[in-house]
Amino acid sequence: LGALKAIVDRRTQLPEVYDLLQPISELVVHSSGDKGISQRASSVLVRVLLNYPMTTKKLQSHVDWVLKNLTYPYEKGRLALLNILAIIISKFPRQAVVEQFDLFFLPLVSVISSDE
């Protein structure tokens, strides 16, 4: 993750960075037992989503993945995803968040109401 973080921090445009987004997303959730790995993966994922050019459809697919996995069975994984979502909502352009309000908040309400 360290090398990838360095590439992302320099905003080096490599197609391989996009190819790694899904495995990094899964690492965020599945490495929830190791908080350091989960946090580093989260940091890389958020930086790519915020700083790398991608189509609206591709960006939406990554946000949808985060929202869909808020029902992950282990609390640490869900909390890692909630943290990513909080960063996305706070750092994305306000207009984009307002336009996607239903997509962000309806799944959150559903998850919160069903969570123990």
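User: How exposed is Lys 5, and how do I read that from its relative accessibility?

Analyst: Happy to help! Between 20% and 50%, a residue is called partly exposed. Lys 5 has a relative accessibility of 30%, so it counts as partly exposed. Do keep in mind that this is a predicted model.

User: Which residue forms a salt bridge with Lys 5?

Analyst: For a salt bridge, look for a side-chain nitrogen of Lys or Arg within 4 Å of a carboxyl oxygen of Asp or Glu. Here the partner of Lys 5 is Asp 9, with the closest N and O atoms 2.8 Å apart. Both residues sit in helix H1, four residues apart, which is about one turn of the helix. Asp 9 is partly exposed too, at 38%.

User: How many salt bridges does the structure hold?

Analyst: There are two. In the other one, Arg 47 pairs with Asp 9, and their closest N and O atoms are 3.4 Å apart. Arg 47 belongs to helix H4 and Asp 9 to helix H1, so this pair ties together parts that are 38 residues apart in sequence. Lys 5, Asp 9 and Arg 47 are thus linked in a network of salt bridges.

User: Now a loop: is Ser 31 buried or exposed?

Analyst: Buried means under 20% relative accessible area. Ser 31 has 10%, so it is buried. You will find Ser 31 in the loop between helix H3 and helix H4.

User: What does the side chain of Ser 31 reach?

Analyst: Two backbone atoms to look for: the oxygen of Leu 27, at 2.4 Å, and the nitrogen of Ser 38, at 3.4 Å.

Definitions and conventions: Residues are numbered from 1 along each chain as its sequence is written. This is a predicted model: local features need pLDDT of at least 70, side-chain atom pairs count only at pLDDT 80 or more; totals for chains, interfaces and linings use all residues. Side-chain values use heavy atoms; hydrogens and water are left out. Helices (H or I, at least four residues) and strands (E, at least two) are DSSP runs, numbered from the N terminus. Buried means under 20% relative accessible area, exposed over 50%, partly exposed in between (1.4 Å probe, protein chains only). A polar contact is a pair of N or O atoms within 3.5 Å; within protein, one must be able to donate a hydrogen and the other to accept it, and residues adjacent in sequence count only if both atoms are side-chain atoms.
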